[in-house]
Amino acid sequence: MFLSVVLLWFCVGFIVLQLKSRRPKNFPPGPPVLPLLGNTLQLSLENPLKDFERLRKSYGDVYSIFIGPKPAVIINGVKAIKEAMVTKASDFAGRPQDLFVNDVTKSKGKAGVILADYGSSWREHRRFALMTLRNFGLGKNSMEDRIHKEIKYTISTLEKSIDKTMSPQVMFHNAASNIICQVLFARRYEYDNALIKVIVQCFTENSKIANGPWAMLYDSFPLIRYLPLPFMKAFKNAETVENLVNEFIREHKKTRVPGDPRDFVDCYLDELEKRGDDGSSFSEDRICLYALDLHFAGTDTTSNTLLTGFLYLMNYPHVQERCQREIDQVLEGKDRVSFEDRHNMPYVQAVIHEIQRVSNTVPLSVFHCTTKDTELMGYSIPKGTMIIENLTSVLNEEGQWKFPHEFNPENFLDDKGEFVKPEAFMPFSAGPRVCLGEGLARMELFLIMVTLLRKFKFIWPEDAGEPDFTPVYGVTLSPKPYRMKVQLRTPQ
Ligand code: HEM
Ligand SMILES: *[C@@H]1O[C@H](CO)[C@@H](O)[C@H](O)[C@H]1NC(C)=O
């Protein structure tokens with residue numbers, strides 16, 4: 001009896017030792033790792049951000065944790081992030097391929113662009129998107145026209161609330177969504193369109209699941225992946241959306257005129273024809289996820305930045321007024337603002353950048369992955385290691401900003417009042433994976449903010465109490481829902 005117990009324990013011990021997730025030699029330090037479980041159960045599954053703060057204090061700017069049996073390296077601060085994303089760009093430009101999000105978007109082999117691994121397929125699709133966005137920016141139906149067209153709807157929504165209070169959440173979400181839809185599908189959706197409602201609902205729900213505890217468990221423990229657990233709902237949602245978009249693409253194919261593209265989808269179909277069987281990665285199966293990728297990447301990010309922006313502008317009325325003075329002066333006599341006008345508006349530029357800095361919309365960027373064995377800040381990191389860059393740590397890093405911990409446009413102004421952009425401004429990340437929509441997002445933020453500030457005054461309602469600037473943690477950070485009071489103003 002005694003002997004069998006000893007033997008049993010010996011076996012258990014042996015198995016545990018074999019299964020123990022170990023840090024490779026010279027790997028970044030981190031908390032002790034449990035066998036199989038890694039650090040998963042030591043982190044709060046609801047909001048791991050607090051735990052990470054503690055870990056950074058103990059282990060430094062480059063540290064590691066284990067998500068189940070898999071190691072991940074977390075990088076903080078401008079110095080380390082620049083070394084990884086810019087100096088050693090290609091070593092750090094991969095994407096992990098075995099996470100919940102990959103499975104939900106069935107990305108293996110037919111990913112769009114966000115989750116595509118580093119390689120020719122990603123490169124071809126990224127280049128195509130950049131080129132198409134650029135081409136749409138030229139010519140008569142330019143990107144600026146599209147954005148201005150959409151702003152008209154935002155204005156009419158606001159006009160219905162003059163001298164009243166309104167919730168801007170849905171309004172900004174729709175504006176951002178419609179601008180992308182114009183580019184992708186050459187149409188916008190009325191605010192209460194049933195199709196877009198279903199898509200948005202599925203997306204919102206999936207974002208919640210992807211960020212929730214069940215997704216983290218899914219990533220940590222492959223064995224539970226086929227069980228009927230709450231994450232299954234995400235797969236259903238993904239299918240619903242895919243069917244809707246595919247239906248739409250079929251319709252598109254019937255009405256297109258080859259060589260005369262109306263939108264992104266037409267451009268992709270043209271490209272497919274042009275390429276024939278040249279062995280490239282373009283394929284009809286990919287249009288759907290590709291379009292969804294761009295829609296997803298461009299909607300919440302932009303609308304949450306706008307929401308944060310107006311929250312601050314209402315609560316820093318002197319900043320709002322100073323923007324309005326500059327806008328009135330530069331736009332005097334013009335009927336609308338153009339993106340070029342930004343060069344004459346250093347203060348507005350500084351405010352918009354400061355809004356992006358404090359919004360910190362995508363705090364941990366999108367996860368990267370090493371593409372080969374490499375080194376960072378003296379540590380060795382093997383190929384295939386998940387890399388999490390902490391953009392928050394840069395956007396409020398001490399020593400990089402005049403006022404790292406307050407909302408202050410001076411962060412982007414020199415002593416002559418000219419606009420300057422410190423190198424720590426990376427809300428879009430940096431390197432080859434830098435946000436593909438950066439140009440579009442900047443144009444949207446500038447045109448929307450300037451147009452609305454010129455026409456309206458935004459006031460924090462008297463009965464709203466103290467503003468709460470602490471963001472809510474989701475896929476992207478967003479302010480807590482709030483209301484705003486809208487007044488018409490006459491440009492001076
Ligand atoms: C204020 C708005 C936005 C912010 C803060 C933002 C931020 C980011 C960040 C941090 C990344 C990850 C970069 C990395 O992995 O290193 C990213 C990737 C991406 N963003 Fe944005 N983004 C915004 C708007 C947009 C818009 C409007 C589009 C629409 C076209 C877009 C499309 C993409 C795409 C396609 C990627 C993946 C790029 C790749 O993997 O190669 N984003 N964005
Ligand atoms: C990112 O940086 C911020 C600010 O330094 C810190 O509070 C947070 O815990 C960090 N997150 C991670 C994952 O290290």
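Which helix gives the most to the shell around ligand 2? That would be helix 2, with four residues. Keep in mind that you're looking at a predicted model. Below we'll go through the two ligand shells, then a cysteine with a database note, a four-stranded sheet and a few loop residues.

**Around ligand 2**

- Nine residues surround ligand 2, and the ones that come nearest are Phe52, Glu53, Asn390, Thr392 and Ser393.
- Helix 2 (49-59) and helix 15 are the elements that give two or more residues to this shell.
- Sorted by class, the shell around ligand 2 has four polar, three nonpolar and two charged residues.

**Around ligand 1**

- Ligand 1 has 24 residues around it, with Ala297, Gly298, Ser429, Cys435 and Gly437 coming nearest.
- Two elements, helix 12 (285-315) and helix 16, give two or more residues to the shell around ligand 1.
- Helix 12 supplies the largest share of that shell, namely seven residues.
- The classes here work out as 13 nonpolar, eight polar and three charged residues.

**Cys435 and Ser429, both beside ligand 1**

- Cys435 is worth finding in the structure, since an unreviewed UniProt entry places the feature "binding site" at this residue.
- Look for Cys435 in the loop between helix 15 (392-395) and helix 16 (438-455).
- Is Cys435 buried or exposed? It counts as buried, because it has 20 C-beta neighbours inside 10 Å and the cut-off for buried is 20 or more.
- If you skip the neighbours within four places in sequence, Cys435 is in contact with Phe428 and Ser429.
- Ser429 is found in the loop between helix 15 and helix 16 too.
- The backbone of Ser429 has a positive phi of about 70 degrees, although this residue is not a glycine.
- Ser429 has 19 C-beta neighbours inside 10 Å, so it counts as partly exposed.

**The four-stranded sheet**

- Now for the sheet: it is open, has four strands in the order 1-2-7-4, and its pairing is mixed.
- Which strands stand at the edges? They are strand 1 (62-67) and strand 4 (368-369); each has a single partner strand, so one side of each is left without a neighbour in the sheet.
- As background, strands of a sheet pair through backbone hydrogen bonds, in either a parallel or an antiparallel way.
- Strand 1 and strand 2 (residues 70-75) go antiparallel, with six bridges between them.
- You can trace that pairing residue by residue: Ser64 has Val73 in strand 2 as its bridge partner, and Tyr63 stands opposite Ile74 in strand 2.
- Strand 1 and strand 2 form a hairpin with two residues between the strands, and there Gly68 takes a positive phi near 60 degrees.
- Strand 2 also pairs with strand 7, this time in the parallel sense and over four bridges.
- In that second pairing, Ile75 has Glu389 in strand 7 as its bridge partner.
- Why is strand 2 described as largely enclosed by the rest of the structure? Because five of its six residues are buried.

**A helix on the sheet**

- Helix 3 (residues 78-87) packs on the sheet and touches strand 1, strand 2 and strand 7 (386-389).
- The direction of helix 3 makes about 130 degrees with that of strand 7.

**The loop between helix 7 and helix 8**

- Ala186 lies in the loop between helix 7 (169-185) and helix 8 (194-211).
- Phi of Ala186 is near 55 degrees, which is a positive value in a residue other than glycine.
- Ala186 counts as partly exposed, because it has 16 C-beta neighbours inside 10 Å.
- Arg188 lies in the loop between helix 7 and helix 8 as well.
- Arg188, however, counts as buried, because it has 20 C-beta neighbours inside 10 Å.
- Which residues is Arg188 in contact with, leaving aside its neighbours within four places in sequence? They are Glu150, Asn178, Cys181 and Gln182.
- Arg188 and Leu229 are 41 residues apart along the chain, and their C-alpha atoms are separated by 36 Å.

Note on methods
Residues are numbered from 1 along each chain as its sequence is written. Chains are lettered from A and ligands numbered from 1 in the order in which they are written. This is a predicted model: local features need pLDDT of at least 70, side-chain atom pairs count only at pLDDT 80 or more; totals for chains, interfaces and linings use all residues. Two strands pair if DSSP finds at least two bridges between them. Two residues are in contact if their C-beta atoms, placed from the backbone, lie within 7 Å. Axes are lines fitted to C-alpha atoms, for helices over the stretch in contact, and angles run from 0 to 180 degrees between N-to-C directions. UniProt positions are given in the numbering used here, feature names are shortened, and annotations may be inferred rather than shown by experiment. A residue is buried if 20 or more other C-beta atoms lie within 10 Å of its own, exposed if 12 or fewer, and partly exposed in between; C-beta atoms are placed from the backbone. A residue is near a molecule or strand if its C-beta atom, placed from the backbone, lies within 6 Å of it. Ala, Val, Leu, Ile, Met, Phe, Trp, Tyr, Cys and Pro count as nonpolar, Asp, Glu, Lys and Arg as charged, and the others, Gly among them, as polar.
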